[in-house]
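The following paragraphs offer a guided reading of one protein chain. The reader is invited to keep the sequence and the three-dimensional view at hand throughout.

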Amino acid sequence: MDFSYQHAQSQRVLRQRNLLGIAALVLAGIVALLLLMSATRSREIVLQPVLGSPVTLSTTGVSREYLELITRDTAVLTLNRTPSSLDYWMKSVLAIVSPKSQGKIKADLLKIVDEQRGSSMSQYFTLEGMEIDPKALQSTVTGKLNTVIGQKIVSSEQRTFVYDWEYAGMTLKLVGFSMVQPKARPGAMM
């Protein structure tokens with residue numbers, strides 16, 4: 001009698017162990033399926049609107065509206081500076097730069113800071129036009145670049161600047177920016 005009771009107990013424990021193993025396998029399968037679905041699913045973030053319509057980010061790429069907003073703010077940030085704001089200016093520009101471009105851009109910014117520190121020269125940019133290419137992740141801004149020494153505007157020139165971007169992990173980062181050299185007009189003296 002003791003043997004049959006012990007055998008029944010063993011069978012009950014064996015059944016519980018088997019059910020627990022099956023439940024663990026089913027749960028592991030569900031977790032793996034959920035991880036696979038979350039990794040391949042397109043994600044989207046709705047940003048606070050600063051224009052008349054909401055702006056969204058997606059894993060599929062950068063929207064034209066978002067690239068335009070970022071370019072506008074970046075142009076204002078990179079092209080407007082005064083001697084008293086140089087440290088903040090450089091820190092803010094570097095905050096939006098891609099890690100792979102940090103060294104080169106920081107070296108270029110340090111040259112500007114060294115040249116401008118201690119002077120009374122300021123610069124501001126008046127944006128007049130913008131071209132956006134979300135596929136190539138490039139934007140071009142055109143406007144007047146004004147240079148002020150003291151309180152006098154010493155130059156006001158039409159300039160075009162190109163901004164190159166990279167988009168990875170739903171983050172847009174600056175990889176480079178430069179001024180487009182104006183084309184020489186035919187018949188103009190150099």
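The residues that line the largest pocket of this predicted model fall into three classes: eleven are nonpolar, seven are polar and four are charged. The lining comprises 22 residues, and those nearest the centre of the pocket are Arg 81, Asp 108, Ile 112, Phe 161 and Phe 177. The space within this largest pocket amounts to about 510 Å³. In general terms, empty space of this kind is revealed by rolling over the atoms a probe the size of a water molecule.

Which elements supply at least two residues each to this lining? They are helix H2, spanning residues 64-79, helix H4, spanning 102-116, strand S3, spanning 121-133, and strand S6, spanning 171-180. Of the contributors, H4 gives the most, with seven residues.

These elements belong to a chain with four helices and six strands. Followed along the sequence, the chain shows the pattern α-β-β-α-α-α-β-β-β-β. The chain has 190 residues, and 26% of them are buried. Among contacts with a separation of 6 or more, 45% are between residues 24 or more positions apart.

Attention now turns to the sheet. Four strands form an open sheet in the order S3-S4-S5-S6, and their pairing is antiparallel. S3 and S6 are the edge strands, each of which pairs on one side only. On average, and with direction ignored, neighbouring strands of this sheet are turned by 30° against each other. As a general principle, the strands of a sheet pair through backbone hydrogen bonds, in either a parallel or an antiparallel manner. Helix H4 lies across both S3 and S6, and runs at about 55° to S6. H4, S3 and S6 are thus met twice in this account, since each also supplies at least two residues of the pocket lining.

The pairing of S3 with S4 may be examined in further detail. S4 covers residues 138-149, and twelve bridges join this strand to S3, the two running antiparallel. One of the bridge pairs consists of Gly 129 and its partner Thr 142 in S4. Another links Asp 133 with Gln 138 in S4.

S3 and S4 form a hairpin, with four residues between them. Leu 137 is located in the loop between these two strands. The phi angle of Leu 137 is near 55°, a positive value in a residue other than glycine. Is Leu 137 buried or exposed? Leu 137 has a relative accessible area of 16% and therefore counts as buried, because the term applies to values under 20%.

Helix H2 provides a final point of detail. Thr 71 lies in this helix. Its relative accessible area is 0%, so Thr 71 is buried. Which residues does Thr 71 touch, when residues up to four places away in sequence are not counted? They are Met 130, Ile 132, Ser 139, Val 141 and Trp 165. Met 130 and Ile 132 fall within the span of S3, 121-133, while Ser 139 and Val 141 fall within that of S4, 138-149.

Key
Residues are numbered from 1 along each chain as its sequence is written. This is a predicted model: local features need pLDDT of at least 70, side-chain atom pairs count only at pLDDT 80 or more; totals for chains, interfaces and linings use all residues. Side-chain values use heavy atoms; hydrogens and water are left out. On a 1 Å grid over the protein atoms alone, a cavity is a set of points where a 1.4 Å probe fits but cannot get out, and a pocket is an open set with protein on both sides within 12 Å along at least five of seven lines; lining residues have an atom within 4 Å of a point. Grid points are joined across faces, edges and corners, and a volume is the space filled by probe spheres set on the points. Ala, Val, Leu, Ile, Met, Phe, Trp, Tyr, Cys and Pro count as nonpolar, Asp, Glu, Lys and Arg as charged, and the others, Gly among them, as polar. Buried means under 20% relative accessible area, exposed over 50%, partly exposed in between (1.4 Å probe, protein chains only). Contact means heavy atoms within 4.5 Å. Two strands pair if DSSP finds at least two bridges between them. Axes are lines fitted to C-alpha atoms, for helices over the stretch in contact, and angles run from 0 to 180 degrees between N-to-C directions.
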